[in-house]
Amino acid sequence: MHKLLAKLRLRDRHLARLVNIGAPYLWLGLFFLLPFAIVLHISLAETALAQPPYTSLWEWVDDGILQIRLNLQNFSTVFHDELYLAAFLNSLGVALVGTVLCLLIGYPMAYAIATAPERWRVVLLMLIILPFWTSFLIRVYAWISILKPNGLLNHLLMGLGVIDAPLTLLHTQTAIYIGVVYSYLPFMILPLYANLTRLDFSLLEAAADLGCRPFKAFLKVTLPLSLPGLVAGSMLVFIPVVGEFVIPDLLGGPDNLMIGNMLWTEFFGNKDWPLAAALTLSLLGLLVAPFVLMQRLERRIEGEPS
Amino acid sequence: MNHGRWKLYTFLGLGLAFLYLPVLLLIIYSFNESRLVTVWTGFSTQWYRELMQNRQLLEAAWLSVRIAATNATFAVILGTLAANALVRHGRFRGRTGFQLLLTAPLVMPEVITGLSLLLLFVTLEDLVGWPNGRGFTTITIAHITFSMAYVAVVVRSRLSQMDRSLEEAAMDLGARPLRVYLSITLPLIAPALLAGWLLAFTLSLDDLVISSFVAGPGSTTLPMVVYSSVRMGVSPQINALASIVVLIVAVAVCIAGFSLRQRSAGANSPPRA
């Protein structure tokens, strides 16, 4: 009887394991991993006036002869056309500057929350999380009416007599930076906060007791210990911003194209699916290194007893 | 309190003002009488009334809500299974790959996810005849794929903090694992499930880029309508709509946040984003 029950339990456990691991794996394999194989396939095809608008890679020419045509033209276009190169560089630049700005603004905020009295922390954290979930599109849209030539900011500055003529703010690189910082700041603050709350602040007291100046103690103790949170937050900002579409589209101008816009135009405007696929893979290739870095860090943090 | 702390808190206050002021202005100007969004001429609710008569917009909103609710339900199921796998099955073979697959959609630029899913759907339709056309189903599938990771993060942190003695007691009394899971574990992690559902719902309601790729003709979601209208310029009707969306999301997030805080007040670790 007892043995039977044990056997049954073992079977149940195996079944649970199969479902728990299998179902999400299957879903993500089918709808996340498999698509990339198809993107690769299509990036090697040629555009055609057909539905779907690309040629087939293989063809039976004769009895028993399968002809495979791989078109590398798309990748060579992506790598050699200066327009794409400029867009890639601009995307990386925006992501880099955006990440640094988020860090400079987000670090003191995360630090203030992590060291605030316990009862305030929950509320403050909630205040950071709330905009993070509030419609991204709407938050970007909100900046249009602020930055327009006859917008709220120009009205305010002219009313105060700071400037005489309206500043051109919308459709500039500055507007993109504002949009990026505004939209991605919470992604920086949350992991930093999670890291800083676990920090042992008695180390700082020890440093102070030994005569260390506060700023030096920060550089020598706090900053190195918060490095995992810092890198995690930076990656959470950097990776999605490289492929950002909405912010440059709504706040940027024609000179501030990012790779997300190019991809969108190739796909929806020019209906060049193979080229869009090649752009997607190049963008993906660019993001592999930062993603792997983030994953490694995650595992290291997980390994630590928290 | 010393001088440094005050500086720090002032900075925090300014940062929060930066986060909230634009949305606040947006809401204020949705009650503006003038069509010009930047000049205040008087209080009016006419844009809200016009909004209620905009059929195209209301239809899109209804589609978005249906997609969001379906997405949230499936995302909670799959996300909870994934959290179970990570917390309960220890270091199974392929765990690294599993985790990689689960977190990649979180940071993946939306244009990549959108394009690759569309190409999958087109190819599948070509090969096996499914999905027949694009719309509700394809958008929902796309949303589940990235929402389940968020649910997994929330449920996982709850599951790993959970006190397992009740489960063990039930096991000792002879209950089968599934029974234990359904009648003991699930009620204990219910706040996380609710929070996960609401977060998946708001994520789906908000998505523009991925939906644009995998939508078909005749399946226009709310963000798609908002986007095409925004490209034409600022309009007070969109301000009114945005205010309503902000209100709904804020309520959902507050419920999610507080239901997570409940009963876990002692264990003060936030979900890692």
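**Chain B and its contact with chain A**

I'll start with the weak part. Over residues 265-273 of chain B, pLDDT stays under 50, and the model has 17 contacts beyond four places in sequence for that stretch. Where pLDDT is low, the predicted coordinates should not be read in detail. This is a predicted model, so that caution applies to the stretch I just named, residues 265-273 of chain B, where pLDDT stays under 50.

For chain B as a whole, the mean pLDDT is 87, with 95% of residues at 70 or more. Going by element, helix H9, residues 209-214 of chain B, has the highest mean, 95. The lowest mean among the elements, 84, belongs to helix H11, residues 236-261 of chain B. On the scores for the model, ipTM is 0.88 and pTM is 0.89.

Next, the overall layout. Chain B has 11 helices and 0 strands, so to speak of its order from the N terminus is to say α eleven times over. Along the principal axes, the C-alpha atoms of chain B fill a box of roughly 70 × 70 × 30 Å. Of the 273 residues in chain B, 44% are buried. Taking contacts in chain B between residues at least 6 apart in sequence, 79% join residues at least 24 apart.

Now the interface. On one side there are 82 residues of chain A, in contact with 71 residues of chain B. Helix H1 of chain A, residues 2-43, supplies the largest share of the chain A side, 22 residues. By class, that side of chain A consists of 63 nonpolar, 12 polar and 7 charged residues.

The element I want to spend time on is helix H10 of chain B, residues 222-231. How much of H10(B) is buried? The count is 7 of its 10 residues, so the helix is largely enclosed by the rest of the structure. The buried ones are Leu222(B), Pro223(B), Met224(B), Val225(B), Val226(B), Tyr227(B) and Val230(B).

What covers these buried residues? From chain B, the cover includes helix H3 (55-88), helix H8 (177-206), H9 and H11. From chain A, it includes helix H5 (136-147) and helix H11 (246-251). Both chains therefore appear in the cover of a helix that is largely enclosed. Two of the chain B helices in that list came up earlier: H9, with the highest mean pLDDT, and H11, with the lowest.

Last, the end of the helix. H10(B) is followed by Gly233(B), which has a positive phi, near 130°.

Key:
Residues are numbered from 1 along each chain as its sequence is written. Chains are lettered from A and ligands numbered from 1 in the order in which they are written. This is a predicted model: local features need pLDDT of at least 70, side-chain atom pairs count only at pLDDT 80 or more; totals for chains, interfaces and linings use all residues. pLDDT is the predictor's confidence in each residue, from 0 to 100. Helices (H or I, at least four residues) and strands (E, at least two) are DSSP runs, numbered from the N terminus. Two residues are in contact if their C-beta atoms, placed from the backbone, lie within 7 Å. Ala, Val, Leu, Ile, Met, Phe, Trp, Tyr, Cys and Pro count as nonpolar, Asp, Glu, Lys and Arg as charged, and the others, Gly among them, as polar. A residue is buried if 20 or more other C-beta atoms lie within 10 Å of its own, exposed if 12 or fewer, and partly exposed in between; C-beta atoms are placed from the backbone.
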